[in-house]
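Grab a pencil and try a few exercises on side chains and how they sit together. Each task comes with a worked solution, so have a go before you read on.

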Amino acid sequence: QVQLVESGGGLVQAGGSLRLSCVVSGSNGLRYDMGWFRQVPGKDREYVAGISRSGYLTYLGESFQGRFTISRDNARNLIFLQMNFLKHEDTAAYYCAAGAYTKDASAYNYWGQGTQVTVSL
């Protein structure tokens, strides 16, 4: 069974950086298109970034361009979200998801449990 586990969240001051990681296990060598989403309580899950299974194609939401970078290391089954110049409004639970390359959260087959990012003013 495919499992996703995120790590790297925490508390950071505005203007700071964090690097989120997501490890994929149980895939039996299959590679998935991957995405990062975030969610604030009471709001819909928001698409942050996506990366194709090869890593050749990447997408960043407009709000994140110039600040965030998505990448992957297929040899280690890892997906990363490098977040720079963090803002207070980036505070959210961040989730990685596997199985699609789209903003539509319902298209993803697998989800991690999330990692909390809190950006102080």
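A charge sits over a ring if NZ of Lys or CZ of Arg is within 6 Å of the ring centre and within 35 degrees of the ring normal. Keep that in mind for the first exercise, and remember that you're looking at a predicted model.

**Exercise 1. Charges over rings**

Task: Find which ring the charged end of Arg45 sits over, then do the same for Arg19.

Solution:
- Step 1. Start at Arg45: its charged end is 4.0 Å from the centre of the Tyr95 ring, and it sits over that ring.
- Step 2. Now go to Arg19, whose charged end sits over the ring of Phe80 at 3.9 Å from the centre.

**Exercise 2. Ring meets ring**

Task: Work out whether the pair Phe37 and Trp111 is stacked, edge-to-face or tilted.

Solution:
- Step 1. Aromatic pairs come up 7 times in this structure.
- Step 2. For Phe37 and Trp111, the ring centres are 5.0 Å apart and the planes make an angle of 55°, so call this pair tilted.
- Step 3. Place the partners: Phe37 belongs to strand β4 (residues 34-39) and Trp111 to strand β10 (residues 110-111), so the pair ties together parts 74 residues apart in sequence.
- Step 4. Check how covered they are. Phe37 is buried, because its relative accessible area is 0% and the cut-off for buried is under 20%. Trp111 is partly exposed at 28%.
- Step 5. Compare another pair, Phe64 and Phe68: with 5.1 Å from centre to centre and 20° between the planes, this one is stacked. Phe64 is buried at 1% relative accessibility, and Phe68 is buried at 2%.
- Step 6. Zoom out: ring pairs join Phe37 and Trp111 with Tyr47, Tyr59 and Tyr108 in a cluster.

**Exercise 3. A buried acid**

Task: Glu6 is buried yet has no salt bridge. Which backbone nitrogens does its side chain reach?

Solution:
- Step 1. Locate Glu6 in strand β1 (residues 3-7).
- Step 2. Look for a partner of opposite charge: the nearest such side chain is Arg45, 7.5 Å away. A salt bridge needs the nitrogen and oxygen within 4 Å.
- Step 3. Turn to the backbone instead. The Glu6 side chain reaches the nitrogen of Cys96 at 2.9 Å and the nitrogen of Gly114 at 2.8 Å.
- Step 4. Fill in the surroundings: residues that Glu6 touches include Ser21, Trp36, Tyr94 and Gln113.

**Exercise 4. Tracing salt bridges**

Task: Follow the salt bridges of Asp33, Asp90 and Asp73, and say which residue each one meets.

Solution:
- Step 1. Recall the idea: side chains of opposite charge can pair when their charged atoms come close. There are 5 salt bridges in this structure.
- Step 2. Asp33 meets Arg53 at 3.5 Å, N to O. Asp33 is in the loop between β3 (18-25) and β4, while Arg53 is in the loop between β5 (46-51) and β6 (58-60), 20 residues apart.
- Step 3. Compare the two ends of that bridge: Asp33 is buried with a relative accessible area of 14%, whereas Arg53 is partly exposed with 45%.
- Step 4. Asp90 meets Arg38 at 2.8 Å, N to O. This bridge links the loop between β8 (78-83) and β9 (92-98), where Asp90 lies, to strand β4, home of Arg38, and the two are 52 residues apart. Both Asp90 and Arg38 are buried.
- Step 5. Asp73 meets Arg76 at 2.8 Å, N to O. Asp73 is partly exposed, with a relative accessible area of 22%.
- Step 6. Go back to Asp90 and Arg38: along with Glu46 and Arg67, they're linked in a network of salt bridges.

**Exercise 5. Odd backbone angles**

Task: Where are Asn77 and Phe85 found, and is the phi of each positive or negative?

Solution:
- Step 1. Know what to expect: most residues other than glycine have a negative phi.
- Step 2. Asn77 has a positive phi, near 55°. You'll find Asn77 in the loop between β7 (68-73) and β8, and it's partly exposed at 36% relative accessibility.
- Step 3. Phe85 also has a positive phi, near 50°. Phe85 is in the loop between β8 and β9, and it counts as exposed, because its relative accessibility is 54% and the cut-off for exposed is over 50%.

Note on methods: Residues numbered from 1 in each chain as written. Predicted model: local features only at pLDDT ≥ 70, side-chain atom pairs only at ≥ 80, totals over all residues. Heavy atoms only, no water. Phe/Tyr/Trp six-rings, centres within 6.5 Å; stacked < 30°, edge-to-face > 60°. Helix = DSSP H or I, 4+ residues; strand = E, 2+ residues; numbered from the N terminus. Buried < 20%, exposed > 50% of the residue type's maximum accessible area, 1.4 Å probe, protein only. Lys, Arg positive; Asp, Glu negative; His and termini not counted. Polar contact = N/O pair within 3.5 Å; in protein donor to acceptor, adjacent residues only side chain to side chain. Contact = heavy atoms within 4.5 Å. Lists of a residue's contacts leave out its neighbours within four places in sequence.
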